[in-house]
Amino acid sequence: MLDVPRELAQYLSRLLHAERRRRGTRANSRALSCFRQAVLGLRWFRQAVDVTALARDHGISRATGYRYLDEIIEVLADQAPDLHEALEKAKADGLAYVILDGKIFSADRCDEKTPSVKGKQIDLWYSGKAHEHGGN
C-alpha cells in the first residue's frame, strides 16, 4: 500500500506512456505496464526499497528495475523547472531571497559563534561537509 494518491501514480503513468510513444516503444513489449512501472518508481521514492527487492516484487530482473527507475527519474526531471526558470519565478513572485540547497559557497568573511548541542562555542558558518567556511 503506497501512501500517495492514486492520481499521482496515474499522472506518472501518463508521463511514462508519453515517453514510450516518443521513443517508439511497441505496445506490450515491456515487462511492466506504465502504471505498474509508476508504482515501482513511487515505491522506490517513498519507501527507500532496495532495487533488487523492488524488482523481485514486481517480477522483473534487477537490471530492468534499474532501467525503469532511470526512465522514471528522467521523465520526472523533465517536468521540473531549470534553475533559471525557478529564479525568474521567484523574482516574479516578489521573493526577497531563495534557498538553494546542496551547494556550499566558500566565504572568508563569516565569523559568528553559536553554542553547539554539547554547549561548546562553535563557528556558525563552518561546513563540516566542505571542510571550510561558507553557506548555501
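Nine salt bridges are counted in this predicted model. A salt bridge here is a side-chain nitrogen of Lys or Arg within 4 Å of a carboxyl oxygen of Asp or Glu. Residues are numbered from 1 along each chain as its sequence is written. Because the model is predicted, local features need pLDDT of at least 70 and side-chain atom pairs count only at pLDDT 80 or more, while totals for chains, interfaces and linings use all residues; side-chain values use heavy atoms, with hydrogens and water left out.

## Salt bridges

Three of the pairs are listed here.

| Pair | Closest N to O distance |
|---|---|
| R23 and E71 | 3.9 Å |
| R30 and E71 | 3.0 Å |
| K89 and D93 | 2.8 Å |

Take R23 and E71, which form a salt bridge. R23 sits in helix α1 and E71 in helix α4 (residues 62-79), so this pair ties together parts that are 48 residues apart in sequence. Helices are DSSP runs of H or I with at least four residues, strands are runs of E with at least two, and both are numbered from the N terminus.

Is E71 buried or exposed? E71 is buried, with a relative accessible area of 3%. Buried means under 20% relative accessible area, exposed means over 50%, and partly exposed is in between (1.4 Å probe, protein chains only). R23 counts as partly exposed, at 41% relative accessibility.

E71 also forms a salt bridge with R30. That pair links distant parts of the chain: R30 is in the loop between α1 and α2 (34-47), E71 is in helix α4, and they are 41 residues apart. R30 is partly exposed, at 22%. A network of salt bridges links E19, R22, R23, R30, E71 and E74.

K89 and D93 meet in another salt bridge. K89 is exposed at 52% relative accessibility, and D93 is partly exposed at 48%.

## The largest pocket

R30 appears again in the lining of the largest pocket. A pocket is found on a 1 Å grid over the protein atoms alone: an open set of points where a 1.4 Å probe fits, with protein on both sides within 12 Å along at least five of seven lines; lining residues have an atom within 4 Å of a point. Rolling a probe the size of a water molecule over the atoms shows where empty space is left.

How much space lies in the largest pocket? About 160 Å³. Its lining includes H17, R20, R21, N28, R30 and C34. Helix α1 (residues 6-23) gives the most to this lining, with three residues. The lining residues divide into three nonpolar, five polar and four charged.

## Helix α5 and a nonpolar patch

Of the 10 residues of α5, one is buried, so this helix lies largely in the open. G94 follows α5 and has a positive phi, near 75°. L95 is in the loop between α5 (83-92) and β1 (105-106). L95 counts as exposed, at 52% relative accessibility.

L95 joins L83, L87, V98 and L100 in a nonpolar surface patch of about 430 Å². For such a patch, residues need over 30% relative accessible area and no salt bridge, and nonpolar side chains (Val, Leu, Ile, Met, Phe, Trp, Tyr) are joined within 5 Å.

## Strand β4

S127 lies in strand β4 (residues 126-127). S127 is buried, with a relative accessible area of 8%. S127 and S106 are 21 residues apart in sequence and 9.4 Å apart in space, C-alpha to C-alpha.

Definitions and conventions: Patch = residues over 30% accessible without salt bridge, like charges linked within 9 Å, V, L, I, M, F, W, Y side chains within 5 Å. Areas by Shrake-Rupley, 256 points an atom, 1.4 Å probe, with all protein chains shown as cover. Points joined across faces, edges and corners; volume = space filled by probe spheres on them. Nonpolar A, V, L, I, M, F, W, Y, C, P; charged D, E, K, R; others polar.
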